[in-house]
Amino acid sequence: MKINQLLARGLAALAFSSVTIAPVIAADTADTKTSTESVAAYIDDATITTKVKAALASDKQVSALDVKVTTENGVVLLSGNVDTPDAGVRAIEIAAGVEGVKDVKSALTVKAG
């Protein structure tokens, strides 16, 4: 009889610990998924930034050295200076044409002079 009681207590303890641990395991898995998604988004954004910079560098109307490109969640932000308003419009068109770009925001300014 003592063996049955010990076995019953052991099973009860095991069942209780499983219930207690299950949410922790589920939360840990969710954190891992979120972290993985964050890393993937960061890599995608870095790839988009690189592609936009390369496209700007190959264009003769836009000075890629004067335009800063940042990307967050597929949204590209262009900042810095351009020689003419047309060069600013061209930079926006180039960025918008890059695969993976969801939107383009511009904080470009036209150089004085």
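## A walk through the chain in close-up

Reading from the N terminus, the elements of the chain follow the order α-β-β-α-β. This is a predicted model in which local features need pLDDT of at least 70 and side-chain atom pairs count only at pLDDT 80 or more, while totals for chains, interfaces and linings use all residues. Residues are numbered from 1 along each chain as its sequence is written, and side-chain values use heavy atoms, with hydrogens and water left out.

**View 1. The whole chain, to get your bearings.** There are two helices and three strands here; helices (H or I, at least four residues) and strands (E, at least two) are DSSP runs, numbered from the N terminus. The chain has 113 residues, and 21% of them count as buried. Buried means under 20% relative accessible area, exposed means over 50%, and partly exposed is in between (1.4 Å probe, protein chains only). The accessible surface comes to about 8000 Å², and carbon and sulfur atoms hold 62% of that; the areas come from the Shrake-Rupley method with a 1.4 Å probe, and for residues only the protein chains shown count as cover. As for contacts (heavy atoms within 4.5 Å), take those in the chain with a separation of 6 or more: 62% of them are between residues 24 or more positions apart.

**View 2. T71 and its neighbours.** T71 sits in strand β1, which covers residues 67-72. Is T71 buried or exposed? T71 is buried, since its relative accessible area is 15%. Leaving aside residues up to four places away in sequence, T71 touches D45, I48, T49 and V76. With T49 there is also a polar contact, side chain to side chain, at 2.6 Å. A polar contact is a pair of N or O atoms within 3.5 Å; within protein, one must be able to donate a hydrogen and the other to accept it, and residues adjacent in sequence count only if both atoms are side-chain atoms.

**View 3. R90 meets D59.** The structure holds five salt bridges, a salt bridge being a side-chain nitrogen of Lys or Arg within 4 Å of a carboxyl oxygen of Asp or Glu. One of them joins the side chains of R90 and D59, at 3.1 Å from N to O. This pair links distant parts of the chain: R90 is in helix α2 (residues 85-96) and D59 is in the loop between α1 (2-57) and β1, 31 residues apart. R90 counts as partly exposed because its relative accessibility is 30%, whereas D59, at 15%, counts as buried.

**View 4. K111 and D66.** Here is another salt bridge, with the closest N and O atoms of K111 and D66 2.7 Å apart. K111 lies in the segment after β3 (103-110) and D66 in the loop between α1 and β1, so this bridge ties together parts 45 residues apart in sequence. Both ends are partly exposed: K111 has a relative accessible area of 35%, and D66 comes in at 30%.

**View 5. D103, K105 and a small network.** D103 and K105 form a salt bridge too, and their closest N and O atoms are 3.3 Å apart. D103 is partly exposed at 33% relative accessible area, and K105 is partly exposed at 44%. Elsewhere, D59, R90 and E93 are joined into one network by salt bridges that share partners.

**View 6. Helix α2, one side in and one side out.** How far should the 12 residues of α2 span? At 1.5 Å a residue, the expected span is 16 Å, and the end C-alpha atoms are 17 Å apart, which agrees; the expected span of a helix is 1.5 Å times one less than its number of residues. The buried residues of α2 are A87, G88, A91, I94 and A95. Seen down the helix axis, they fall within an arc of 125°, so they line one face of α2; that arc is taken from the directions from the helix axis to the C-beta atoms. An α-helix has 3.6 residues a turn, so residues three or four places apart point the same way. On the face of α2 turned away from its buried side, you'll find the exposed residues P85 and D86.

**View 7. Two loop residues, N73 and G97.** N73 is in the loop between β1 and β2 (75-82). N73 has a positive phi of about 55° although it is not a glycine, and N73 is partly exposed, with a relative accessible area of 49%. G97 belongs to the loop between α2 and β3 and is exposed, at 62% relative accessible area. The C-alpha atoms of G97 and A55 are separated by 9.2 Å, with their positions 42 residues apart along the chain.
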